[in-house]
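Biologist: I would like a close look at a single part of this model, namely the sheet of mixed pairing, and at what lies around it. Please take me through it slowly, since I am new to reading structures.

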Amino acid sequence: MESKSDNVELLFGLETYTEFTNNEDSRRFIHDMINVLRSENVEQAVFEYCLRMIRDDELTNSVRSYVKDNDIQPIKDGLSRSQMRSKIWLIQELAKLGIKFENVVIMGGWFGQLVSVYNKILSFEKIRILDLEKSFCAASDYTFNLKYLDNYKVKAICADVNNLTLHKNGYEWKVENFKEGTKFNEKFLPDLVINTSAEHMTEEWFHQLRFKNLESNPIVAIQSNNMFDGDGHINCVYSADHMKKKFPMKEVLFEGELQLKGYKRVMLIGRP
Ligand SMILES: C[S@@+](CC[C@H](N)C(=O)[O-])C[C@H]1O[C@@H](n2cnc3c(N)ncnc32)[C@H](O)[C@@H]1O
């Protein structure tokens, strides 16, 4: 019966043959694969190999740069298959509305990874990524969205979304340069507000928008889930109906549920 070491032996044979035929690309590939198979931690070796080989992909480039100096755990959670499917679902549903968004706010935006999905289908003038955690904001500015940092086309704002100043003509917040510590005041009138972290916070941010009647009459897109026992999950929902009760919209443009591995993501898009 064939064993794992027979396969490695076969790879050695093919490596020797490709060396003989001067097929350098194939020889190098087989050689790298043998090294991966023989490493102590095969999963880690595969991961590092993929990061090394995938060159022209925006998100992979960001991950490569992030893991050089940071703990990889938040990336593993943030870029898991269910998280990616949820983000792609959101952006595809937003694209179906056929609206050209200009000023976008992403609440609880983590390290700003949503932008790499958003910019594949939708356009924008400016994006603001709001998060409580300064280290995530810095990762958004200097790693995940570095290419947009000029003129602050995409900029992270370190703030509690349930404690923002909002006028009829927009939010008012401090924009901080996280390297130099300098700050300035900015007014920002969004036509799209996204919150894919609704399960992590109470819903004052939504009621503030709802009762302020913003001049831009923004679209609000909210995702939560039914993982009631998840870490830090204080505001989960059972269903789209449940979500509509928590987040009453003047006009509902989309409501839906996406079955993921072991849990369900729920999404509501509308005008509050
Ligand atoms: C675990 S992550 C996001 C999970 C979510 N399912 C997603 O895909 O975006 C939750 C993020 O929300 C942020 N957050 C939680 N409460 C917040 C608040 N009140 N204001 C701003 N950011 C908040 C956290 O710092 C964290 O980066």
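Modeller: Two strands are said to pair if DSSP finds at least two bridges between them. With that in hand, and bearing in mind that this is a predicted model, we can begin in the middle of the sheet you ask about, where strand β1 (residues 103-107) and strand β7 (residues 192-195) run in the parallel sense and are joined over 4 bridges. One place to look for this pairing is V104, which stands opposite L192 in β7.

Stepping back from that pair, we find an open sheet of 7 strands, and reading across it gives the order β3-β2-β1-β7-β8-β10-β9, with mixed pairing. At its edges lie β3 (154-158) and β9 (251-260), each of which pairs on one side only. From one strand to the next, the twist averages 15°. As you follow a strand with your eye, it may help to remember that in a regular strand the side chains alternate between the two faces of the sheet.

The edge at β9 deserves a slower look, for there β9 and strand β10 (residues 263-271) run antiparallel and are joined by 9 bridges. Within this pair, E251 has R271 of β10 opposite it. The two strands, β9 and β10, form a hairpin with 2 residues between them, and in the turn G262 has a positive phi of about 85°.

For contrast, you can then turn to another open sheet, made of 3 strands in the order β4-β5-β6, whose pairing is antiparallel. Here the edge strands are β4 (165-167) and β6 (183-188), and each pairs on one side only. The twist in this sheet averages 30° from one strand to the next. Between β4 and strand β5 (residues 170-176) there are 3 bridges, in the antiparallel sense, and one residue to find is L166, whose bridge partner in β5 is Y171.

Next come two helices. Two packed helices are described by the angle between their axes and the distance between the axes. Helix α4 (residues 58-69) packs against helix α8 (residues 134-144) at an angle of about 120°, and their axes are 10 Å apart. Since angles of 65 to 115 degrees count as roughly perpendicular and only those over 145 as roughly antiparallel, α4 and α8 are therefore oblique to each other. Their crossing, that of α4 and α8, is right-handed.

Finally, there is the ligand, which is surrounded by 15 residues, the closest being G108, L132, V161, T196 and S197. The shell around the ligand divides into 6 nonpolar, 6 polar and 3 charged residues. As for the chain as a whole, the domain assignment gives domain 1 (4-53) and domain 2 (78-271), and the C-alpha centres of domain 1 and domain 2 lie 42 Å apart.

Conventions
Residues are numbered from 1 along each chain as its sequence is written. This is a predicted model: local features need pLDDT of at least 70, side-chain atom pairs count only at pLDDT 80 or more; totals for chains, interfaces and linings use all residues. A residue is near a molecule or strand if its C-beta atom, placed from the backbone, lies within 6 Å of it. Ala, Val, Leu, Ile, Met, Phe, Trp, Tyr, Cys and Pro count as nonpolar, Asp, Glu, Lys and Arg as charged, and the others, Gly among them, as polar. Domain bounds come from an automatic or database domain assignment. Axes are lines fitted to C-alpha atoms, for helices over the stretch in contact, and angles run from 0 to 180 degrees between N-to-C directions. Angles under 35 degrees count as roughly parallel, over 145 as roughly antiparallel, 65 to 115 as roughly perpendicular and the rest as oblique. A crossing is left-handed if the near helix is turned anticlockwise from the far one by less than a right angle, and right-handed if clockwise.
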